[in-house]
Amino acid sequence: MKQFTSKELRKTWIEFYKERGHVDVGAVSLVSDGSTGVLFNVAGMQPLMPYLLGEKHPLGTRLCNVQGCVRTNDIESVGDKSHVTFFEMMGSWSLGDYFKKERCRWSYELLTEVFGFDADHLAATVFAGDENAPRDEEGAQYRIESGFKKENIFYLPAEDNWWGLEYGPCGPDSEMFYIADVPDCGPDCGPGCSCGKYTELGNDVFMQYEKHKDGSLTPLKQKNVDTGWGLERNLAFLNGTKDVYRTDVFWPVIQKIESLTGAQYDADEEKTRSMRILADHLRTAVMLIGDEAKLLPDNTGAGYILRRLIRRAVRHGRILNITTAQMIDLASIYIDAVYDDSFPLLVKNRTFVLQELQKEMERFESTLENGMKEFKKTLEQVKGAGLKTLSGEEAFHLYDTFGFPLELTVEMAAEEGISVDEEGFAKESEKQKELARKSGNFSQKHTLSEEALKQLDDSLTSAFVGYDSLTAKSPVAAILSEDAVREEVKEGESAILITQTTPFYATMGGQKGDVGLIRTKDGEFAVEETVHLAGNRIGHVGRVVKGEIRAAEEAELLVDTEERAKTCRNHSATHLLHSALREVLGETVEQAGSYQDPERTRFDFSFGQAMTKEEIKKVESIVNRKIAENLPVSTQVMGIEEAKQSGAIALFGEKYGADVRVVSMGDFSKELCGGTHVGATGEILNFKILSENGIAAGVRRIEALTGTNVNAYYDQLEEELHKAAGLMKATPATLLERLEKVNAELKELKNENESLKARAAKEALNASAQEAEDVGGIPFVAAHVPGVDMNGLRDLGDQMKAKYPEGVVLLVSENGDRVSLMTMATDAAMQKGAHAGNLIKEIAPLVGGGGGGRPNMAQAGGKNPAGIPELLKKAKEVLQSQIN
């Protein structure tokens, strides 16, 4: 078994599938788009559901990625060795392409050739069959043909090995397990048993049936494969532990907590639990706030879950005596050290993430104090009524309103001789979860059930007038809040307002919706998001900031003009960018996606290779030239065919109505577009490309700034340049010269260091190795050489093979508590029966490790240096047993 860092594991997964014709589709936002009825993306396959159902994916039929996911349904279990709320799912998919044969073969290759498992320790489960579908003999046969041993194939029922929704695509799945070298716990010991002998590694789902509403199954025309492996779980296992918090995605934070508190991980059960909860919840909070959606804490929707996580983190930080400032330092480790390469958006949003996290923590500190007052008041009422139990409803009110953790309520009530109805609390909590499950997630900031929309009159629709005006007057036609239609909302309350006329642009086509203000004679409503609702309605999502808002009242709708102007600059610049790319790279360039908000523009396009610096500079120059020319921007509404004949660019795969809007910028750009734009290109002011990189095979992405955001960018660059110069004891003018000098010095030192390491390794071998010992006619060198890494062991092994061309070499080293083993067998030794891989497999457990390899060379790792003497002794016996 090979060891990996998290960064190596991600890279290895993607490269494995790219070599087999898959396209890396990249990860999407952690926050769900609402199409699957959940708040977050909870599985790697979730964003691909339309394509699993038959829709054609623009990037082909073989896909892969590493997708971040958030699950909080078992949040109370977080604190043990395995449960987390954020995790990464390594996935691959076949959309009507290959099926069981290729899938089983590739899974086995991944397990054995990439991860270093051997067949003796691998097991797989397949569907046992029932009255609805036959036993999956085909899946079992392909597992065996790929390399799994027949005796390690287990048939399990549908509850273990069947995937499917209420109706739609479904089919058997097949899970893969590692078998530990421990006795069976009983006659029924097997995969799924909780004794610890079997550890799940990954799962292949074979979607070969369609389930109909009457419960019947028919074969699917398009058979799909959905493969999923949890990164954290596999990372832990590959590194010799079942504790995910000891992997490199958590351990730097755990170590910092130890440093801050003086507590030792795993020394005290309760403190260790708090360490894990703090580390996990901080990680998930950082990921959600730093996500593309930039989620913020709220009392509803996905923001409610984020708030819960942060408050629970603060609670356990208090248990460990960790301050808010220290928790922010812990959070920064995830951005600066753990995910700096894998999630670059975190680095980009670093200041925003930490500021918002700190604000919420400080807000909770004051909330906690208010909660204490409410708790004492409630306790007095319970005692005054002669009761001995605080009700679940009251406990949940403390939690839901003041963020008062249940465990704190239970603890303090017990000090007063009062118990807490925890079952009642759980029921109230379940009601809240059920509400969230039923809610439609068209908005990140507010939940809304279908029932609320059904209560509206079908004739109620919204007319958008925001192309021509940023203000409008219209009655408040409806007020929606969660699952109800309301007559009024008061200050501080969140809601969704619908008007018959609105100047607010709703998020669509990559352009983020407007923000602004809705004002009536008695109140003001801050619009934080604008979204499309079913029934051709536009919803204004936000909260009352003054007075109250009543249904049917006349309202004035005011779009935030500055934010709209910034978004328009970015959107119009995207059109110029598209045309400039086609001019520089060729007309085969096509748009593959885009996003515009007030801060930036992002443009994805089809192109088979990275752009050169010269090409990027040329594209940027063309866009800025067209801005300087102040081209007029005009729009026309025409029939779709007329628009295409006029030369307007339409997006491949996009669905258009009979009539479309065509946006022209002089003679330079003409596209079908429903978004909002500047009146003339000069209003964009300027344009700066920040980055150009690949996001999938044949798809590139450009991120850019416009207007005053460009000025702010250069101001920041100048500030960073002065800081960098100061650190290097130089001026901005002499910084490059200074860096070149330091780099040359570092290169020289690195070469010296490598030479010293090689010399030290050779001296260690000379000091440790005896003359080769004869074992069954084979020269056998077994040596303990401390402080040498695996590369050094291989170099020394090559030297010893040259010295003993008919021999076997075994070298063992340790660095701290890590052991490295390497063995080599010459051709002559192999002819007599020597097998390096089998030798390593038998002796590695003596140092607490595992491994294997080819007959001529194998390596392994371990974590018990004390076992090295016994290992060297045992190696001789094992080699003797191999000799013919």
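Trainee: How many bridges join strand 3 to strand 9, and which way do they run?
Mentor: Seven bridges, and the two strands run antiparallel; strand 9 covers residues 217-230. Strands here are DSSP runs of E with at least two residues, helices are H or I runs of at least four, and both are numbered from the N terminus. Two strands pair if DSSP finds at least two bridges between them. Keep in mind that this is a predicted model: local features need pLDDT of at least 70, side-chain atom pairs count only at pLDDT 80 or more, and totals for chains, interfaces and linings use all residues. Residue numbers start from 1 along each chain as its sequence is written, and side-chain values use heavy atoms, with hydrogens and water left out.

Trainee: OK, and how does strand 2 pair with strand 3?
Mentor: Strand 2 (residues 62-70) pairs with strand 3 in the antiparallel sense, over nine bridges. Look at G91 in strand 3: N65 stands opposite, and in strand 9 the bridge partner of G91 is G228.

Trainee: Is strand 3 buried or exposed?
Mentor: Buried: 10 of the 10 residues of strand 3 (residues 86-95) are, so the strand is largely enclosed by the rest of the structure. Buried means under 20% relative accessible area, exposed means over 50%, and partly exposed is in between, using a 1.4 Å probe and protein chains only.

Trainee: Which residues point one way from strand 3, and which the other?
Mentor: F86, E88, M90, S92 and S94 point one way, while F87, M89, G91, W93 and L95 point the other; all are buried. In a regular strand the side chains alternate between the two faces of the sheet.

Trainee: Switching topic: which residues touch the most other members of the largest nonpolar core?
Mentor: F115, F117, W229, L278 and L357, in a core of 111 residues. The largest share, 10 residues, comes from helix 8 (residues 269-289). A nonpolar core is a set of buried Ala, Val, Leu, Ile, Met, Phe, Trp, Tyr and Cys residues joined through side-chain atoms within 4.5 Å. There's also a second, separate core of 28 residues, with L576, L585, F668 and V678 among its members.

Trainee: What is W229 in contact with?
Mentor: Leaving aside neighbours within four places in sequence, W229 is in contact (heavy atoms within 4.5 Å) with residues including W13, F115, M176 and L201. E88, M89 and M90 are also among the contacts of W229, and those three lie in strand 3.

Trainee: Which residues do ring pairs link into a cluster with W229?
Mentor: F4, W13, F16, Y17 and F115. Rings of Phe, Tyr and Trp (its six-membered ring) pair if their centres lie within 6.5 Å; planes under 30 degrees apart count as stacked, over 60 as edge-to-face, and the rest as tilted. R20 lies over the face of F16 from that cluster, 3.6 Å from the ring centre.

Trainee: Where does the charged end of R135 sit?
Mentor: Over the ring of Y155, 3.3 Å from its centre. The cut-off there is NZ of Lys or CZ of Arg within 6 Å of the ring centre and within 35 degrees of the ring normal.

Trainee: How many aromatic pairs does the structure hold?
Mentor: The structure holds 27. One of them is F117 with F237, stacked at 6.1 Å centre to centre with 25 degrees between the planes. That pair links distant parts of the chain, 120 residues apart: F117 is in the loop between helix 3 (100-114) and strand 4 (122-127), and F237 is in helix 6 (residues 231-238). F117 is buried at 6% relative accessible area, and F237 is buried too, at 11%. Then there's F464 with Y467, which is edge-to-face: 5.0 Å between centres, 80 degrees between planes. F464 is partly exposed at 24%, and Y467 is partly exposed at 34%.

Trainee: How many disulfides does a search of the whole structure find?
Mentor: Zero. A disulfide would need a pair of cysteine sulfur atoms within 2.5 Å.

Trainee: Why is there no bond for C69?
Mentor: Because the closest cysteine sulfur, in C64, is 15 Å from the sulfur of C69, too far for a bond. C189 is in no disulfide either; the nearest cysteine sulfur, that of C195, is 3.7 Å away. C69 is buried at 0% relative accessible area, and C189 is buried at 9%.

Trainee: Last one: how do strand 35 and strand 36 pair?
Mentor: Antiparallel, over four bridges, with strand 35 at residues 850-853. The two form a hairpin with three residues between them, and G851 stands opposite A860 in strand 36. Strand 34 (residues 818-825) also pairs with strand 36 in the antiparallel sense, over six bridges. Five of the six residues of strand 36 (residues 857-862) are buried, so that strand is largely enclosed by the rest of the structure.
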